[in-house]
Amino acid sequence: MLIKPLRAFLSSLFLLLLLSACGKQQTLQAIFQKATPHDTYARRLRQAGLDQTALGRDWLAAAERALHDSLVVTLPFKETGLFRADKATAAAYRYGVRAGETVRISLQLTAGTDAHVFLDAFELSPDRGTPRLLASADTADLAFSYVAEDDQQHMLRVQPELLRNGRYTLSIRREPSLGFPVQGKTDTAVGSFWGMARDGGARRHEGIDIFAKRGTPVVAAAPGLITRTGVTNLGGNVVWLADAEHGQHLYYAHLDKQLVQPGQTVRRGDTLGLVGNTGNARTTSPHLHFGIYRAGGAVDPLPFVRHADASPATPRTTSESLGQWVRVREKRTDLRRSPTARGSVMVALAHDTPLLVVGSQADWYRVERPDGRVGYVLARSVVPASTTPLRREALAIATDLYAQPATDAVPLDTLPARTNVAVLGEFAGFRLVRSADGVVGWLIPQMLKS
């Protein structure tokens, strides 16, 4: 019956309220450790004893599992997702970045959603077993950004506090970390790229060439200090700027004229010189050679200055499907790790497999299989289970309605014999059904008869 699950839920709710009250006080240890909001909440959860409850253990396990089992998305990315009070989960998204890109992340809660949400961005390095934390946040209207240090895979974990229902919209996009170094131009003016052969292949291009009319202002891409100006055989008239924000050196070459002096401080957008073709560029059209140098040497400047991502496309799938069951309509469809037809296949889904919709992204649903596996399916490959049941059947005897397709799962209710149910889908010998009073759960198949 419902008494035991309800009693356990109320007990957990009481402890959660106690946890929130205790959370208003910070210990000196927490301050000196500079714990993330997620870490602080996990510590308070343990202090309140919730880690000894099934719900608390599930929350901690979901947080850890997300670090090693993420979905893969392409930026820019936008998705509407679901928080569920009945199950502790954490959504994890992995994406590739280039050194110098600013990654901007925002999460907005829909009206009526009252939840404390934790966002944590990590770097996933193959040389490091544990993901490295990059940035974190925890407000009702989450927005933060960080600059990628290397070409690497990053991951964002999204996890709400316990016992919260609601919906959110997540957006991840990239922006340049530097201003564009030629006034009035964009990356469409780049005509020669990083790594191209020079001097018959004797060396590689350590920068980008931005073409513009002679005399076009060349500007500071970041605030900083002019460390050197001069004339060289390769670069002609050059300027070196120490970037005060990112700890790197910016190199401007082939200038027609320099307009700054060593020791001068400049702000972003200040004019440093004029576009020309001095040095070894005398036979080419006027352009700026722009380079970036770090402790390890030169790096590709293009990701630092390329145009920002367009706003991600709004999901075209219906958000009304969030939290609803759908069913595979085809003989087979694939559960994929990415919302793309080229995404790696996690598992093949059989006909009539029920799936819970937990996210909506463009033409794809993020779904949870009855065994807990989460991935993406094309929206057109499924049908709503509640409005198009497989059939209607009657119970042979009184039987339990389970929360999960397993005999050791928590019973939701006991249905009397001859109760009519709508069969919404089938998985691993169990049937997902909806009773006459609208309760959805799992039944052992031999408990049904036509």
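Select Phe-77 to begin: its relative accessibility is 1%, and because the cut-off for a buried residue is under 20%, Phe-77 counts as buried. The model on display is a predicted one.

**Aromatic pairs**

Keep Phe-77 in view and add Tyr-93, which is likewise buried at a relative accessible area of 1%. Across the whole structure, a search returns 10 aromatic pairs. In the pair made by Phe-77 and Tyr-93, the ring centres are 5.3 Å apart and the planes stand at 50°, so this pair is classed as tilted. Colour strand E2 (residues 77–83) and strand E3 (residues 91–97) next: Phe-77 belongs to E2 and Tyr-93 to E3, so the pair ties together parts that lie 16 residues apart in sequence.

Proceed to Trp-325 and Trp-442. Their ring centres are separated by 6.0 Å and their planes meet at 85°, so the arrangement is edge-to-face. Trp-325 is found in strand E22 (residues 325–328) and Trp-442 in strand E34 (residues 440–443), so here the parts tied together are 117 residues apart in sequence. Both tryptophans, Trp-325 and Trp-442, are buried.

To complete this section, select Tyr-41, Trp-59 and Phe-118, which form one aromatic cluster.

**Strand E20 and its partners**

Select residues 287–294, which constitute strand E20; six of its eight residues are buried, and the strand is mostly covered. Then display its pairing partners in turn.

- Strand E13 (residues 208–211) pairs with E20 in the antiparallel sense over four bridges; Asp-209 has His-289 of E20 as its bridge partner.
- Strand E17 (residues 248–258) also pairs with E20 in the antiparallel sense, over five bridges; here Tyr-251 is matched with Gly-291 of E20.
- Strand E21 (residues 297–299) pairs with E20 in the antiparallel sense over three bridges; Arg-294 has Gly-297 of E21 as its bridge partner.

Between E20 and E21, look for the hairpin, which joins the two strands through two residues.

**Asp-334**

Finally, centre the view on Asp-334, a residue of strand E23 (residues 332–336). Is Asp-334 buried or exposed? With a relative accessibility of 17%, Asp-334 counts as buried.

Show the side chains around this residue. That of Asp-334 makes a polar contact with the side chain of Arg-332 at 2.9 Å, and another with the side chain of Arg-336 at 3.5 Å. Which residues are in contact with Asp-334 once neighbours within four places in sequence are left aside? They are Val-345, Val-347, Ala-348, Tyr-376 and Val-377.

Technical notes. Residues numbered from 1 in each chain as written. Predicted model: local features only at pLDDT ≥ 70, side-chain atom pairs only at ≥ 80, totals over all residues. Heavy atoms only, no water. Buried < 20%, exposed > 50% of the residue type's maximum accessible area, 1.4 Å probe, protein only. Polar contact = N/O pair within 3.5 Å; in protein donor to acceptor, adjacent residues only side chain to side chain. Contact = heavy atoms within 4.5 Å. Phe/Tyr/Trp six-rings, centres within 6.5 Å; stacked < 30°, edge-to-face > 60°. Pairing = 2+ DSSP bridges.
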